[in-house]
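Open the model in your viewer and follow the stops below in order. Each stop says what to select and what is found there.

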Amino acid sequence: QVQLVESGGGLVQAGGSLRLSCAASGSTSSRNYMGWYRQTPGKQRDFVARISSGGSTYYADSVKGRFTISRDNAKNTVNLEMNFLKPEDTAVYYCQYTHAGGSRDYWGQGTQVTVSS
């Protein structure tokens with residue numbers, strides 16, 4: 001089992017910035033993917049960004065150029081730096097962990113991000 005704990009959500013005005021963090025613990029492995037998804041009420045959970053243990057990054061088109069994902073492998077943490085936030089970025093953000101080659105996704109409890117116009 002892998003446990004994920006997110007932090008850093010909150011309320012910010014449009015154009016502002018927030019930083020989300022997620023710490024993984026438990027049965028983690030050296031080769032893995034960690035990422036962020038987001039969800040609004042009544043909608044599916046959407047991909048935001050992902051980073052491999054080797055440092056390869058992937059972003060949703062909607063956040064490219066505004067969000068930056070990074071990680072500290074020694075601490076098993078992943079961060080999401082969110083800049084130039086828009087009201088449409090408002091959602092619950094979930095941290096995700098997957099072992100490389102694994103089929104199971106682990107999820108954090110979610111953290112609310114609210115961007116006011």
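**Stop 1: a charged pair across two strands**

Select arginine 19, which counts as partly exposed at 42% relative accessibility. The model is a predicted one. Add glutamate 81, also partly exposed, with a relative accessible area of 26%. The two form a salt bridge, and their closest N and O atoms are 3.0 Å apart. Arginine 19 belongs to strand β3 and glutamate 81 to strand β8, so that this pair links parts of the chain 62 residues apart. The backbone matches the side chains here: arginine 19 stands opposite glutamate 81 in β8.

**Stop 2: the sheet around that pair**

Now select β3 (residues 18–26) and β8 (residues 77–82), which pair in the antiparallel sense over six bridges. Widen the selection to the whole open sheet of four strands, in the order β1-β3-β8-β7, with antiparallel pairing. At its edges are β1 (2–7) and β7 (67–72), each pairing on one side only. On average, neighbouring strands of this sheet are turned by 15° against each other, direction ignored.

**Stop 3: the disulfide**

Stay on β3 and pick cysteine 22. Which cysteine is joined to cysteine 22? The partner is cysteine 95, with an S to S distance of 2.1 Å. The count for the structure is one disulfide. Because cysteine 22 lies in strand β3 and cysteine 95 in strand β9 (residues 91–99), the pair ties together parts that are 73 residues apart in sequence. Viewed along the S-S bond, the torsion is about -85°, so the disulfide is left-handed. Both cysteines, 22 and 95, are buried.

**Stop 4: strand β9 and its partners**

Select all of β9. Seven of its nine residues are buried, which leaves the strand mostly covered. Three pairings can be shown in turn:

- β4 and β9 run antiparallel and are joined by eight bridges; cysteine 95 in β9 is the bridge partner of tryptophan 36.
- β11 (residues 111–116) is joined to β9 by three bridges, again antiparallel; valine 113 in β11 is the bridge partner of alanine 91.
- β10 (residues 105–107) pairs with β9 in the antiparallel sense over three bridges, and threonine 98 stands opposite aspartate 105 in β10.

Between β9 and β10 the hairpin has five residues, and glycine 101 takes a positive phi near 80°.

**Stop 5: asparagine 32**

Move to strand β4 (residues 32–39) and select asparagine 32. Is asparagine 32 buried or exposed? At 2% relative accessibility it counts as buried, because the cut-off for buried is under 20%. The side chain of asparagine 32 reaches the backbone oxygen of serine 29 at 2.6 Å. Beyond its neighbours within four places in sequence, asparagine 32 is in contact with residues including Ile51, Arg71, Tyr97 and His99.

**Stop 6: a buried charge network**

Finish with arginine 38, arginine 66 and aspartate 89. The side chains of arginine 38 and aspartate 89 meet in a salt bridge at 2.9 Å, N to O. Arginine 38 lies in β4 and aspartate 89 in the loop between β8 and β9, so the pair ties together parts that are 51 residues apart in sequence. Both arginine 38 and aspartate 89 are buried.

Aspartate 89 also forms a salt bridge with arginine 66, with the closest N and O atoms 2.7 Å apart. Arginine 66 sits in the loop between β6 (57–59) and β7, 23 residues from aspartate 89. Arginine 66 is buried as well. Through shared partners, these salt bridges join Arg38, Arg66 and Asp89 into one network.

Terms used:
Residues are numbered from 1 along each chain as its sequence is written. This is a predicted model: local features need pLDDT of at least 70, side-chain atom pairs count only at pLDDT 80 or more; totals for chains, interfaces and linings use all residues. Side-chain values use heavy atoms; hydrogens and water are left out. Two strands pair if DSSP finds at least two bridges between them. Helices (H or I, at least four residues) and strands (E, at least two) are DSSP runs, numbered from the N terminus. Axes are lines fitted to C-alpha atoms, for helices over the stretch in contact, and angles run from 0 to 180 degrees between N-to-C directions. Buried means under 20% relative accessible area, exposed over 50%, partly exposed in between (1.4 Å probe, protein chains only). A polar contact is a pair of N or O atoms within 3.5 Å; within protein, one must be able to donate a hydrogen and the other to accept it, and residues adjacent in sequence count only if both atoms are side-chain atoms. Contact means heavy atoms within 4.5 Å. A disulfide is a pair of cysteine sulfur atoms within 2.5 Å. A salt bridge is a side-chain nitrogen of Lys or Arg within 4 Å of a carboxyl oxygen of Asp or Glu.
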